[in-house]
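Open the model in your viewer and keep the selection box ready. Each stop below says what to select and what is there.

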Amino acid sequence: MSTTTQQHTVMVIEDEEAFIDALVVGLQREGFGVEVARDGAEALLNFDKVDPDIVLLDVMLPKVSGTDVCREIRKKSQVPIIMVSAKGTELDTVVGLEVGADDYIVKPYRIRELVARVRAALRRSHVTGESPLGSETSVAVGEISIDPDRHVVVVRGQVTKLPLKEFELLYVLMANAGRVMTRDTLIDRVWGSDYYGDTKTLDVHIKRLRSKVETDPGNPVLIQTIRGLGYKFDRVV
Ligand code: CA
């Protein structure tokens with residue numbers, strides 16, 4: 001802990017004191033800085049000032065819902081966001097993923113699992129200053145091009161903004177265009193091999209990507225589902 005050169009700040013957006021206490025203690029013990037916001041309005045008010053490296057966002061919040069907080073943060077920041085939902089509110093969590101969260105975890109969770117998720121998200125994040133994609137070069141397939149160095153995607157001549165995980169997922173698919181990528185491979189490459197979450201996260205990210213790169217997202221031709229296996233980015237224009 002004391003040897004870390006850079007302390008990462010986790011913004012905990014949570015209204016239940018019992019969870020707040022456990023998170024603050026657990027995350028600080030792991031070497032993280034922690035800033036707490038107790039409702040959605042406070043979170044949005046303080047977001048710029050805190051400038052977190054990662055956000056833990058409860059779905060059920062007073063004043064402004066977690067989903068709306070996520071949507072607002074995404075308008076201005078690519079910071080990794082992990083949604084936290086109680087059992088029975090998973091539907092809200094999927095909505096959260098659809099508006100730009102990177103991952104989610106269901107209460108009650110083990111702090112160790114949460115920390116693993118946080119580390120996986122940070123390790124893969126541009127916020128750490130490392131390129132999660134290594135020194136990969138730009139890829140262009142058909143009318144889509146993606147440049148990992150500049151974090152730019154151009155879709156049919158239009159620069160398109162993508163949150164971090166969507167960007168990485170698109171990159172992995174495009175760099176392997178024409179090849180079937182299994183679900184496990186995609187999750188490994190984008191979320192890390194120690195990812196604990198379920199594959200719903202992958203599917204929602206695919207859905208979001210399709211809405212941005214496909215001409216007709218309801219009938220995707222670029223990002224194809226390969227039943228029982230995974231996904232493939234079509235090599236043909
Ligand atoms: Ca709550």
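The tour goes from the whole chain to a metal site, then to helices and loops.

**Ground rules**

This is a predicted model, in which local features need pLDDT of at least 70, side-chain atom pairs count only at pLDDT 80 or more, and totals for chains, interfaces and linings use all residues. Residues are numbered from 1 along each chain as its sequence is written, and side-chain values use heavy atoms, with hydrogens and water left out.

**Whole chain**

Start with the cartoon. The chain has 8 helices and 12 strands. These are DSSP runs numbered from the N terminus: helices are H or I with at least four residues, strands are E with at least two. Now colour by accessibility. Of the 237 residues, 51% are buried. Buried means under 20% relative accessible area, exposed over 50%, and partly exposed in between, with a 1.4 Å probe and protein chains only. Next, turn to contacts, meaning heavy atoms within 4.5 Å. Among those between residues at least 6 apart in sequence, 61% join residues at least 24 apart.

**Calcium site**

Select the calcium ion. Which protein donors does it have? They are Asp15 (OD), Glu16 (OE), Asp58 (OD) and Met60 (O), at 2.1 to 3.2 Å from the ion. Donors are N, O and S atoms within 2.8 Å of the metal (3.2 Å for Na, K and Ca); water is not among the atoms, so sites may look incomplete. The sequence spacing of the donor residues is D-E-x41-D-x1-M. Asp15 counts as partly exposed because its relative accessibility is 29%. Glu16, at 36%, is also classed as partly exposed.

**Helix H2**

Select residues 40–50, which form H2. Gly40, Ala43, Asn46, Phe47 and Val50 are buried here. Look down the axis: these buried residues fall within an arc of 140 degrees, so they line one face of the helix. The arc is that of the directions from the helix axis to the C-beta atoms. What do they pack against? The partners are strands E1 (9–13), E2 (33–37) and E3 (54–58), plus helix H3 (66–76). Flip to the face turned away from the buried side. Leu45, Asp48 and Lys49 are exposed there.

**Loop after E3**

Move to Lys63, in the loop between E3 and H3. Its phi is near 70 degrees, a positive value in a residue other than glycine. Most residues other than glycine have a negative phi, and most peptide bonds are trans. Lys63 has 71% relative accessibility and therefore counts as exposed.

**A cis bond and a second positive phi**

Select Lys107 and Pro108. The peptide bond between them is cis, with omega near -10 degrees. Pro108 sits in the loop between strand E5 (103–107) and helix H5 (111–123).

Then go to Arg156, in the loop between strands E8 (152–155) and E9 (158–160). Arg156 is not a glycine, yet has a positive phi of about 45 degrees. At 34% relative accessibility, Arg156 counts as partly exposed.

**H6 against H8**

Select 164–175 (H6) and 200–213 (H8). Their axes are 10 Å apart and the packing angle is about 80 degrees. Axes are lines fitted to C-alpha atoms, for helices over the stretch in contact, and angles run from 0 to 180 degrees between N-to-C directions. H6 and H8 are therefore roughly perpendicular. Show side chains at the contact: H6 brings Lys165, Glu166, Leu169, Leu170 and Leu173, while H8 brings Leu202, His205, Ile206, Arg208, Leu209, Lys212 and Val213.

**H7 against H8**

Add residues 183–191, helix H7. The axes of H7 and H8 come within 10 Å and cross at roughly 85 degrees. The contact uses Arg183, Leu186, Ile187 and Trp191 of H7, with Thr201, Leu202, Asp203 and His205 of H8. Stay on H7: Leu186, Ile187, Val190 and Trp191 are buried. They cover an arc of only 100 degrees, which puts them on the same side of H7. These buried residues pack against H5, H6, strand E10 (180–182), H8 and strand E12 (230–233). Just after H7, Gly192 takes a positive phi of about 100 degrees.

**Last stop: Pro217**

Pro217 lies in the loop between H8 and strand E11 (223–226). Leaving aside residues up to four places away in sequence, Pro217 touches Arg210 and Ser211. Measure C-alpha to C-alpha from Pro217 to Lys207: they are 8.1 Å apart in space and 10 residues apart in sequence.

Definitions and conventions. Angles under 35 degrees count as roughly parallel, over 145 as roughly antiparallel, 65 to 115 as roughly perpendicular and the rest as oblique.
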